[in-house]
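Please walk me through this structure, from the way its chains meet down to the packing of individual elements.

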Protein chains: 2
Amino acid sequence: MNLILLFPEDFIEDTNRVRLQGRRRTHICEVHRAQVGDELCVGILSGRIGFGRVTQRDPSWLEMEVRFEQAPPPKLPLTLILALPRPKVLKRVLRSASSLGVQRIILLNSFRVEKSFWQSPVLSSESLQEQLIIGLEQARDTVLPEVLLRPLFKPFVEDELPGLIKGAFSLVAHPLASDPCPRDIKQPMVLAIGPEGGFITYEIDNFISCGFMPVQFGKRILSVETAVPALVSKLF
Amino acid sequence: MNLILLFPEDFIEDTNRVRLQGRRRTHICEVHRAQVGDELCVGILSGRIGFGRVTQRDPSWLEMEVRFEQAPPPKLPLTLILALPRPKVLKRVLRSASSLGVQRIILLNSFRVEKSFWQSPVLSSESLQEQLIIGLEQARDTVLPEVLLRPLFKPFVEDELPGLIKGAFSLVAHPLASDPCPRDIKQPMVLAIGPEGGFITYEIDNFISCGFMPVQFGKRILSVETAVPALVSKLF
């Protein structure tokens with residue numbers, strides 16, 4: 001937790017003081033080992049970042065006086081379309097994508113996605129938000145990425161995707177593509193990454209008809225957890 | 001497991017047949033659901049890759065007839081120096097670095113590394129190899145990265161590091177550096193990444209005296225799991 005993320009309800013009435021309990025208090029006391037008077041990096045959800053000075057410590061809560069000084073780091077103009085990974089991997093991918101500054105994450109069904117993954121409690125909005133917040137706290141950001149769940153491939157690709165990719169450079173990772181992944185793109189992008197085993201031909205063809213360029217990322221097949229930071233970092 | 005990694009002891013006498021038990025048999029039968037006659041990608045440790053055709057299945061073992069056709073993908077000419085991460089993270093980082101094709105991984109002590117991490121069973125050679133093999137199986141590679149454990153910072157940096165970096169472009173990740181990370185370097189490299197909280201000034205100064213260039217990777221602080229694929233992919 002390189003930044004303590006604050007929410008409007010943490011504030012004591014109309015003051016610049018916050019009272020924290022639970023996970024954040026424990027982390028501040030036990031990992032940062034912060035004493036009264038110490039300053040920590042804080043940020044307000046969707047807003048500015050700054051510092052919080054610990055003013056009171058109690059076994060169950062902690063108070064800080066906060067001031068906000070600067071904007072959070074800019075988001076990457078990137079929409080990441082991911083074939084829904086298995087729940088344990090999804091949690092790590094959400095944290096990583098959130099810390100990298102991805103603006104929007106679309107979790108999509110694909111032929112090779114196990115149906116049971118869509119029943120996972122990790123997909124509840126509370127659980128998604130929890131993982132995204134861990135990513136923001138890691139990277140010192142305050143702005144949550146948008147997450148969309150799309151459990152039906154065809155209606156998404158046919159009805160929604162054409163609008164989503166307007167004005168963006170759109171790539172789909174495909175091991176059999178002939179073009180290598182471009183680098184250092186400084187424009188809005190949409191990047192689609194398939195499941196373990198890849199998108200099937202029908203799915204790749206749908207992306208291509210929609211305007212996506214298929215690109216390959218070398219001979220090595222990477223797990224989605226490794227592929228997401230590797231590809232995002234190559235593109236931006 | 002995109003490649004079944006084979007070892008000399010898997011071969012039945014002087015034949016081109018292998019007999020597999022345990023984890024690999026289970027994976028072939030339950031994940032690939034391979035039947036007699038099916039072909040799977042295989043590779044021989046430190047050697048070539050090719051195909052294995054399932055010839056016999058038994059509840060406790062499986063036989064394949066194998067042929068090797070091509071060289072494994074080339075390694076990245078990269079030595080990664082990592083302040084030893086906590087054991088759970090280390091396992092994931094080893095898998096990821098191995099799948100990315102990193103040639104050598106040096107796990108180094110640093111002021112901010114918890115002493116207890118050095119006692120972890122993950123550092124046994126069997127356990128290290130297990131994680132590296134998972135990375136090779138993911139990426140379809142057969143050549144294990146070299147892993148060195150260096151639990152003493154000073155003797156390593158003073159006595160061993162100058163020899164290791166000869167002829168290589170050497171970078172140390174440092175959030176306060178003014179130079180951004182270079183991109184698309186196609187030459188031998190050494191990259192040092194600090195622990196959570198970063199290398200301390202004394203350590204950074206030691207790397208700089210040795211010939212390392214301090215570089216920063218943007219405003220976002222990434223976890224080592226995300227930083228490794230992101231930085232490796234930016235450099236190569």
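In this predicted model, the contact between chain A and chain B draws on 22 residues from chain A and 22 residues from chain B. On the side of chain A that touches chain B, the elements that give two or more residues are α2, α3 (125-139) and α6 of chain A, and of these α6(A) gives the most, with five residues. The chemical character of that side of chain A is mixed, since its residues divide into seven nonpolar, eight polar and seven charged.

Two of the helices that supply this side also pack against each other within chain A. Two packed helices are described by the angle between their axes and the distance between the axes. For helix α2 (residues 87-100) of chain A and helix α6 (residues 224-235) of chain A, the angle is about 15° and the axes are 9 Å apart. Because angles under 35 degrees count as roughly parallel, α2(A) and α6(A) are described as roughly parallel to each other, and α2(A) passes α6(A) in a right-handed crossing. From α2(A) the contact is made by A:Val89, A:Arg92, A:Val93, A:Ser96, A:Ala97 and A:Leu100, while α6(A) contributes A:Val224, A:Glu225, A:Val228, A:Pro229 and A:Val232. The residues of this helix-helix contact divide into eight nonpolar, one polar and two charged.

Elsewhere in chain A, five strands form an open sheet of mixed pairing, in the order β1-β3-β4-β5-β2. The edge strands are β1 (4-6) and β2 (17-20) of chain A, each of which pairs on one side only, and the twist averages 40° from one strand to the next. At one edge of the sheet, β1(A) pairs in the parallel sense with strand β3 (residues 39-44) of chain A over three bridges; the bridge partner of A:Leu5 in β3(A) is A:Gly43. Helix α1 (residues 22-31) of chain A lies across β1, β2, β3, β4 (49-57) and β5 (62-70) of chain A, and runs at about 90° to β5(A).

In chain B, a single residue can be followed in its surroundings. B:Asn206 is found in helix α5 (residues 201-210) of chain B, and has 19 other C-beta atoms within 10 Å. Because a residue counts as buried only with 20 or more such atoms and as exposed with 12 or fewer, B:Asn206 is classed as partly exposed. Although B:Asn206 and B:Glu158 are 48 residues apart in sequence, they are 8.3 Å apart in space, C-alpha to C-alpha.

Definitions and conventions:
Residues are numbered from 1 along each chain as its sequence is written. Chains are lettered from A and ligands numbered from 1 in the order in which they are written. This is a predicted model: local features need pLDDT of at least 70, side-chain atom pairs count only at pLDDT 80 or more; totals for chains, interfaces and linings use all residues. Axes are lines fitted to C-alpha atoms, for helices over the stretch in contact, and angles run from 0 to 180 degrees between N-to-C directions. Helices (H or I, at least four residues) and strands (E, at least two) are DSSP runs, numbered from the N terminus. Angles under 35 degrees count as roughly parallel, over 145 as roughly antiparallel, 65 to 115 as roughly perpendicular and the rest as oblique. A crossing is left-handed if the near helix is turned anticlockwise from the far one by less than a right angle, and right-handed if clockwise. Two residues are in contact if their C-beta atoms, placed from the backbone, lie within 7 Å. Ala, Val, Leu, Ile, Met, Phe, Trp, Tyr, Cys and Pro count as nonpolar, Asp, Glu, Lys and Arg as charged, and the others, Gly among them, as polar. Two strands pair if DSSP finds at least two bridges between them.
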